[in-house]
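Grab your viewer and let's work through some ring geometry. Each exercise comes with a solution you can follow step by step.

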Amino acid sequence: MQYCKSCGKELADEAIICTGCGCATDGFYSKPNKVSVQNTGELSLMALLGFIFSFLSCLVGLILSCIAYKTAVNENDEKSKNFAKAGIIISAVFIALAIVVTVVYGVYVALYVSVYGPGRI
């Protein structure tokens, strides 16, 4: 048996609220408030689109994959979460690669212009 910390009334072990004064017991705060969602094992459309678009259009793939990841975490869907994570990683790698190629090309053009002049490009 447990006792209310506010009024001292004897309570049942599974009680979450005191029947005497209405105060919350320790059991009230230890009960999970989140409702568990059953995972059907199906891949979400958003995760699949994010994965596909990560190859076609990196920014769109990154946005869709981030949305799919957030949704999959909330719904406790491991398969969709993994696909969304892969889409995020692939998009990030392609974006980083595009930045590196752009910088290298810019340096190449700047060096070429400094050696041969601006009229020879």
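Keep in mind that this is a predicted model.

**Exercise 1.** Is F55 buried, partly exposed or exposed, and which class does F94 fall into?

Start with F55: its relative accessible area is 45%. Partly exposed covers the range between 20% and 50%, so F55 is partly exposed. Now F94: its relative accessibility is 31%, so F94 counts as partly exposed too.

**Exercise 2.** Count the aromatic pairs, then classify the one formed by F55 and F94.

The count comes to 5 aromatic pairs. For F55 and F94, the centres sit 6.1 Å apart, with 70° between the planes. Edge-to-face needs an angle over 60 degrees, so this pair is edge-to-face. Next, place the partners: F55 is in helix α2 (residues 45–56), while F94 is in helix α4 (residues 78–116). They are 39 residues apart, and the pair links distant parts of the chain. Finally, look at the wider group: ring pairs join F51, F55, F83 and F94 into a cluster.

**Exercise 3.** Work out how the rings of Y108 and Y112 are arranged, and how accessible each residue is.

Check the distance: the ring centres are 6.2 Å apart, and the cut-off for a pair is 6.5 Å. Then the angle: the planes of Y108 and Y112 meet at 35°, so the pair is tilted. Both residues lie in helix α4, 4 residues apart, or about one turn of the helix. Last, accessibility: Y108 has a relative accessible area of 51%, so it is exposed. Y112 has 27%, so it is partly exposed.

Conventions:
Residues numbered from 1 in each chain as written. Predicted model: local features only at pLDDT ≥ 70, side-chain atom pairs only at ≥ 80, totals over all residues. Heavy atoms only, no water. Phe/Tyr/Trp six-rings, centres within 6.5 Å; stacked < 30°, edge-to-face > 60°. Helix = DSSP H or I, 4+ residues; strand = E, 2+ residues; numbered from the N terminus. Buried < 20%, exposed > 50% of the residue type's maximum accessible area, 1.4 Å probe, protein only.
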